[in-house]
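Biologist: I have just opened this one and have never looked at it before. Could you walk me through it?

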Amino acid sequence: MKGDRVEIVVDAGDTTRTYEVVASRAGRRVETAVRRGVVEVSEVTRTGTPVRTARFMANRVLALVEQPVPRDDSSEHPLREDPRS
């Protein structure tokens, strides 16, 4: 969903670097995958087409933080008692 983001902290030798991939438009999401020693973070559309992709060597990645946008879903709210009773 728009606003979802993933932060990637990478060891760059003598320092660390932080990269961020954000779902920039409505209907897009951020997906992560780890394959064959490579961490891949992609922003994809509703149909699954990648818009942009960031790739990092897995042995250099120090942290991978997924930060979803809080959803305003009524199913997450507990049921309230009727105040009239």
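Modeller: Let me start with a term we will need: a salt bridge is a side-chain nitrogen of Lys or Arg within 4 Å of a carboxyl oxygen of Asp or Glu. Please also keep in mind that this is a predicted model.

Biologist: Okay, so how many salt bridges does the count come to by that rule?

Modeller: The count comes to eight salt bridges. One of them is formed by Arg 5 with Glu 20, where the closest N and O atoms are 2.3 Å apart.

Biologist: And where do Arg 5 and Glu 20 lie?

Modeller: Arg 5 lies in strand 1 and Glu 20 in strand 2, so this pair ties together parts that are 15 residues apart in sequence. As for their surroundings, Arg 5 is partly exposed, with a relative accessible area of 28%, and Glu 20 is partly exposed as well, at 44%.

Biologist: Which residues do salt bridges that share partners join into one network?

Modeller: That network is made up of Arg 5, Glu 7 and Glu 20, which are joined by salt bridges that share partners.

Biologist: Let's switch to the strands. What is the order in the sheet that has strand 1 in it?

Modeller: That is an open sheet of three strands in the order 2-1-6, and the pairing is antiparallel. Its edge strands are strand 2, covering 16-22, and strand 6, covering 61-67, each of which pairs on one side only. From one strand to the next, the twist averages 15°.

Biologist: How many bridges join strand 1 to strand 6?

Modeller: Six bridges join strand 1, which is residues 5-11, to strand 6, and the two run antiparallel. To pick out one position, Val 9 has Ala 63 in strand 6 as its bridge partner.

Biologist: Which salt bridge does Asp 11 form?

Modeller: Asp 11 forms a salt bridge with Arg 60, and their closest N and O atoms are 3.4 Å apart. Arg 60 lies in the loop between strand 5 and strand 6 while Asp 11 lies in strand 1, so the pair ties together parts that are 49 residues apart in sequence. Both partners fall in the middle class of accessibility, since Arg 60 counts as partly exposed at 40% and Asp 11 counts as partly exposed at 26%.

Biologist: And the sheet with strand 4, what does that look like?

Modeller: It is an open sheet of three strands with the order 3-4-5 and antiparallel pairing. Strand 3 (29-35) and strand 5 (50-57) are the edge strands, each pairing on one side only, and the twist averages 20° from one strand to the next. Strand 3 and strand 4, the latter being residues 38-44, pair in the antiparallel sense over seven bridges, and within this sheet Arg 35 stands opposite Val 38 in strand 4.

Biologist: Which residue does Arg 55 form a salt bridge with?

Modeller: The partner of Arg 55 is Glu 40, with the closest N and O atoms 2.9 Å apart. Arg 55 lies in strand 5 and Glu 40 in strand 4, so the pair ties together parts that are 15 residues apart in sequence.

Biologist: Are those two buried or exposed?

Modeller: One of each: Arg 55 counts as exposed at 58% relative accessibility, whereas Glu 40 counts as buried at 18%, because buried means under 20% and exposed means over 50%.

Biologist: Now Ser 42, is that buried or exposed?

Modeller: Ser 42, which lies in strand 4, is buried, with a relative accessible area of 7%. The side chain of Ser 42 makes a polar contact of 3.2 Å with the side chain of Thr 53. Leaving aside residues up to four places away in sequence, Ser 42 touches Arg 29, Val 30, Glu 31, Arg 52 and Thr 53.

Biologist: Last topic, aromatics. How many aromatic pairs does a search of the whole structure find?

Modeller: The search finds one aromatic pair. Tyr 19 and Phe 56 form it, and the pair is tilted, with 5.2 Å centre to centre and 45° between the planes.

Biologist: Which strands do Tyr 19 and Phe 56 lie in?

Modeller: Tyr 19 lies in strand 2 and Phe 56 in strand 5, so the pair ties together parts that are 37 residues apart in sequence. Tyr 19 is partly exposed, with a relative accessible area of 36%, whereas Phe 56 counts as buried at 12% relative accessibility.

Terms used:
Residues are numbered from 1 along each chain as its sequence is written. This is a predicted model: local features need pLDDT of at least 70, side-chain atom pairs count only at pLDDT 80 or more; totals for chains, interfaces and linings use all residues. Side-chain values use heavy atoms; hydrogens and water are left out. Two strands pair if DSSP finds at least two bridges between them. Helices (H or I, at least four residues) and strands (E, at least two) are DSSP runs, numbered from the N terminus. Axes are lines fitted to C-alpha atoms, for helices over the stretch in contact, and angles run from 0 to 180 degrees between N-to-C directions. Buried means under 20% relative accessible area, exposed over 50%, partly exposed in between (1.4 Å probe, protein chains only). A polar contact is a pair of N or O atoms within 3.5 Å; within protein, one must be able to donate a hydrogen and the other to accept it, and residues adjacent in sequence count only if both atoms are side-chain atoms. Contact means heavy atoms within 4.5 Å. Rings of Phe, Tyr and Trp (its six-membered ring) pair if their centres lie within 6.5 Å; planes under 30 degrees apart count as stacked, over 60 as edge-to-face and the rest as tilted.
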